[in-house]
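Reader: I would like a close look at the salt bridges in this chain, one group at a time. Please say where the partners sit and how covered they are, and then set them beside the strands and the surface.

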Amino acid sequence: MSLLTDLINLNLSESGTEKIIAEYIWIGGSGMDIRSKARTLPGPVSDPSKLPKWNYDGSSTGQAPGEDSEVILYPQAIFRDPFRRGKNILVICDAYTPAGEPIPTNKRHNAAKIFSHPDVVSEEPWYGIEQEYTLLQKDINWPLGWPIGGFPGPQGPYYCGTGADKAYGRDIVDAHYKACIYAGINISGINGEVMPGQWEFQVGPSVGISAGDEVWAARYILERITEIAGVVVSFDPKPIQGDWNGAGAHTNYSTKSMRNDGGYEVIKKAIEKLKLKHKEHIAAYGEGNERRLTGKHETADIHTFSWGVANRGASVRVGRDTEKNGKGYFEDRRPASNMDPYVVTSMIAETTILSKP
């Protein structure tokens, strides 16, 4: 195995070549399956627009019929590759028909249109996304650290816990944290969550479309690291039924007007707009969210919109500092862990900035 490891870690630049490897990454037909394949480029590239488009067999990803299966990848964002290192790169792509139309599962295209609207651009929307996930034992789909066929002790000691009987999978979590920093993702922290085997990483503050690019890149890196570790990562919003916390993707949000003096009034008006479109947002905030948003385990009931200061049982939470300072941000606690960050971030911007009161 040492020879295999040595070969995997080969530094291509030592051979005198300028060539690099670019891993093209896209989202498959389910909306959560992350696909990728690699190609050789003649030299380093730092601008996505300078990268060649590519194609793949959409009939094998549930995104095109077999008789017309070609789907075109458009490179959109570049990150450093923490696996191959050197000047090798990860490339976040979105997908189009050969005629240049975005395919139905391409959620980035519409998000980019919203984020390029002059009114949205002028407000500089910032996002901080808290991505929760659960580590599962391979083959049995049971949380890491849990006894097979059994349950650990009740929730309480696991949130931000330390010790072999409380924190399961920290090596994976820490490897992911460092790999994201290396890649250039604006990852801002990690912590153990309330349910044992469940963890969270935070991305942001990120501006506009970059929030979605960075979350998808971070998810890809996590999938790769768990692949190496022989563990499965689940983004299911309620992986274990019963008295166990679900998994969300709380989305913290602010605009320039909210961050400036008098911003608290802008925040309250934005929350009222979100209330009016509660059903539309819930429909777009992730599959299976009704199993998580029950009114228990730090959630609001899925059918009722509520907001409050420092209230983790509300749909939208405003922090004490924001109330005290009269400006700041708010947290939309409704998105599920399997939400599409392109959809959620652009929808919040569209509702709060572009929709009329």
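Author: E23, D81 and R84 are joined in a network of salt bridges. The model is a predicted one, and these contacts are computed from its atoms. Within the network, the side chains of R84 and E23 meet with N and O 2.8 Å apart. R84 belongs to the loop between β4 (70-80) and β5 (89-96), while E23 is part of strand β1 (residues 20-27), so this pair ties together parts of the chain 61 residues apart in sequence. The two partners are covered to unlike degrees. E23 has a relative accessibility of 6% and therefore counts as buried, the cut-off for that class being under 20%. R84, at 29% relative accessibility, counts as partly exposed.

The network is one part of a longer list, as the count for the model comes to 14 salt bridges. Another of them is formed by D213 and R108, whose closest N and O atoms are 3.0 Å apart. This pair also links distant parts of the chain: D213 is in helix α5 (residues 209-229), R108 is in helix α2 (residues 108-115), and 105 residues separate them. Here each partner is covered. D213 has a relative accessible area of 4%, which means it is buried, and R108 is buried because its relative accessible area is 8%.

A third salt bridge is local in sequence. E265 and K268 form it, with their closest N and O atoms 3.1 Å apart. Both residues lie in helix α7 (residues 263-276), and because they are three residues apart, about one helical turn separates them. E265 counts as partly exposed at 45% relative accessibility, and K268 is partly exposed as well, with a relative accessible area of 28%.

The UniProt record, in an unreviewed entry, lists residues 107-357 as "domain: GS catalytic". Over that range the chain is 37% helix and 20% strand, and the C-alpha atoms at its ends are 26 Å apart.

Strand β9 (residues 198-207) is a useful element to follow next. Eight of its 10 residues are buried, so the strand is mostly covered. Strand β6 (residues 126-137) runs antiparallel to β9 and is joined to it by eight bridges. One point of contact is Y127, whose bridge partner in β9 is S206. Strand β8 (residues 187-192) also pairs with β9 in the antiparallel sense, over five bridges. There, I187 has V203 of β9 as its bridge partner. β8 and β9 form a hairpin with five residues between them, and G197 in the turn has a positive phi of about 90°. As a general point for reading such strands, side chains in a regular strand alternate between the two faces of the sheet.

The surface offers a contrast to these covered parts. L3, L7 and L10 make a nonpolar surface patch of about 310 Å². Of these residues, L3 is placed in helix α1 (residues 2-8). L3 counts as exposed because its relative accessibility is 58%, and the cut-off for that class is over 50%.

To return to the charged pairs, the bridge between D213 and R108 reaches from helix α5 to helix α2, whereas E265 and K268 share helix α7. The contact of R84 with E23 is part of the network that also takes in D81.

How values were computed:
Residues are numbered from 1 along each chain as its sequence is written. This is a predicted model: local features need pLDDT of at least 70, side-chain atom pairs count only at pLDDT 80 or more; totals for chains, interfaces and linings use all residues. Side-chain values use heavy atoms; hydrogens and water are left out. Buried means under 20% relative accessible area, exposed over 50%, partly exposed in between (1.4 Å probe, protein chains only). Helices (H or I, at least four residues) and strands (E, at least two) are DSSP runs, numbered from the N terminus. Two strands pair if DSSP finds at least two bridges between them. UniProt positions are given in the numbering used here, feature names are shortened, and annotations may be inferred rather than shown by experiment. Patches are made of residues with over 30% relative accessible area and no salt bridge: like charges are joined within 9 Å, nonpolar side chains (Val, Leu, Ile, Met, Phe, Trp, Tyr) within 5 Å. Accessible areas come from the Shrake-Rupley method with a 1.4 Å probe; for residues, only the protein chains shown count as cover. A salt bridge is a side-chain nitrogen of Lys or Arg within 4 Å of a carboxyl oxygen of Asp or Glu.
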